[in-house]
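The following exercises concern the predicted model shown below. Please attempt each task before reading its solution.

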Amino acid sequence: MKIRDIKELLNADVLCCEEELDKEVNSACGSDMMSDVLAYVKDQAVLLTGLLNSQVIRTAEMMDMVCIVFVRSKKPTEDMIELAKKLDIVILTTDLRMYNACGRLFSEGLGSSKVNGDV
Amino acid sequence: MSKAINFHYVVDGDDFTSAGEASVDIKRKLRQLGVDPAIIRRVSIAMYEGEVNMVIHAEGGTVDVNVYEDKIEMILSDEGPGIANVELAMKAGFSTAPDYVRSLGFGAGMGLPNMKSYTDDMKIDTKIGVGTTITMVVNLK
């Protein structure tokens, strides 16, 4: 799936790095707890979250993620968008809630890949 | 083994917003040095967790990253309260972080266990009321 497909499936707005929309992504994860993302996530390219602070962007960068989707209509600050631009991370925002946003992507084939601790 | 390259950072303890700036920077530097991306990820995640810990618990500190031919060493030093029970602090899920930290997405008690799991060696030198120094090593080969 391309980031562009995520944008369409979630009816999302693109807040930065529009030129990266054709990047291919194979897996995603959803969490409001950055500690858990850092501890359990492995090789997910997309982060869906309802948490809104600069640590979300840095956590995504640490995990080599290429796209962040803010759910529940959360709008990141200019500082956060600037940071994401610098790191080439696409920022999307959607009105959908976390469960619905994840469900739509999952049912369209965007899996969770291998997560630490999964059997 | 001669020291190859040193990167020194001062971590500002006043502002949670800026926590992680050093880790983002080291990631960029290691990329420029052509280090394997899988190694870079392990180093930067471990350092990021350490940096966030410093801001939450110790009002900041310093980080030195030494890149040797065969390993990358991170030394994180603070003059914070120290860790009362290291064994307990190493348990996944144990946290002394205040509640506001959890609302920021951290404080799940995964920091130290995560730092250990992403590195090949980790030493904690801590003294109550004096501070904590954590030395982590990721082998390059």
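## Exercise 1: The sheet of chain A

In chain A, five strands make up an open sheet of mixed pairing, and their order is E1-E5-E4-E3-E2. Determine which strands stand at the edges and why one side of each is left without a neighbour.

**Solution.** Step 1. The edge strands of chain A are E1 (13–16) and E2 (28–30). Step 2. Each has a single partner strand, so one of its sides has no neighbour in the sheet. Step 3. From one strand to the next, the twist averages 20°.

## Exercise 2: A strand pair and the helices on the sheet

State in which sense strands E3 and E4 of chain A pair, and identify what helix H4 of chain A touches.

**Solution.** Step 1. Strand E3 (residues 46–49) and strand E4 (residues 67–70) of chain A are paired in the parallel sense, over four bridges. Step 2. Within E4(A), Phe70(A) is the residue opposite Thr49(A). Step 3. Helix H4 (residues 78–86) of chain A packs on the sheet and touches E1, E4 and strand E5 (90–93) of that chain; the direction of H4 makes about 75° with that of E1(A). Step 4. Helix H5 (residues 98–107) of chain A also packs on the sheet, where it touches E2 and E3 of chain A. The direction of H5 makes about 155° with that of E3(A).

## Exercise 3: The nonpolar core

Find which residues have the most contacts inside the largest nonpolar core.

**Solution.** Step 1. This core has 84 residues, and Leu48(A) and Ile57(A) have the most contacts inside it. Step 2. The element that gives the most to the core is helix H2 (residues 37–58) of chain B, with eleven residues. Step 3. Leaving aside residues up to four places away in sequence, Ile57(A) touches several residues, including Ile68(A), Phe70(A), Met80(A) and Leu83(A).

## Exercise 4: Ser18(B) and the interface

Decide whether Ser18(B) counts as buried or exposed, and describe the interface of chain A and chain B.

**Solution.** Step 1. Ser18(B) is located in the loop between strand E1 (5–12) and helix H1 (21–32) of chain B. Step 2. Buried means under 20% relative accessible area; Ser18(B) has 15% relative accessibility and therefore counts as buried. Step 3. Not counting residues up to four places away in sequence, Ser18(B) touches Gln55(A), Arg58(A) and Asp12(B). Step 4. Between them, chain A and chain B bury about 1900 Å², with 53% of it on carbon and sulfur atoms. Step 5. The contact takes 23 residues from chain A and 25 residues from chain B. Step 6. Six salt bridges are found across the interface of chain A and chain B. Step 7. Asp64(A) forms a salt bridge with Arg31(B), their closest N and O atoms being 3.8 Å apart.

Notes. Residues are numbered from 1 along each chain as its sequence is written. Chains are lettered from A and ligands numbered from 1 in the order in which they are written. This is a predicted model: local features need pLDDT of at least 70, side-chain atom pairs count only at pLDDT 80 or more; totals for chains, interfaces and linings use all residues. Side-chain values use heavy atoms; hydrogens and water are left out. Two strands pair if DSSP finds at least two bridges between them. Helices (H or I, at least four residues) and strands (E, at least two) are DSSP runs, numbered from the N terminus. Axes are lines fitted to C-alpha atoms, for helices over the stretch in contact, and angles run from 0 to 180 degrees between N-to-C directions. Contact means heavy atoms within 4.5 Å. A nonpolar core is a set of buried Ala, Val, Leu, Ile, Met, Phe, Trp, Tyr and Cys residues joined through side-chain atoms within 4.5 Å. Buried means under 20% relative accessible area, exposed over 50%, partly exposed in between (1.4 Å probe, protein chains only). Buried area is the accessible area (1.4 Å probe) that two parts lose on being put together, summed over both. A salt bridge is a side-chain nitrogen of Lys or Arg within 4 Å of a carboxyl oxygen of Asp or Glu.
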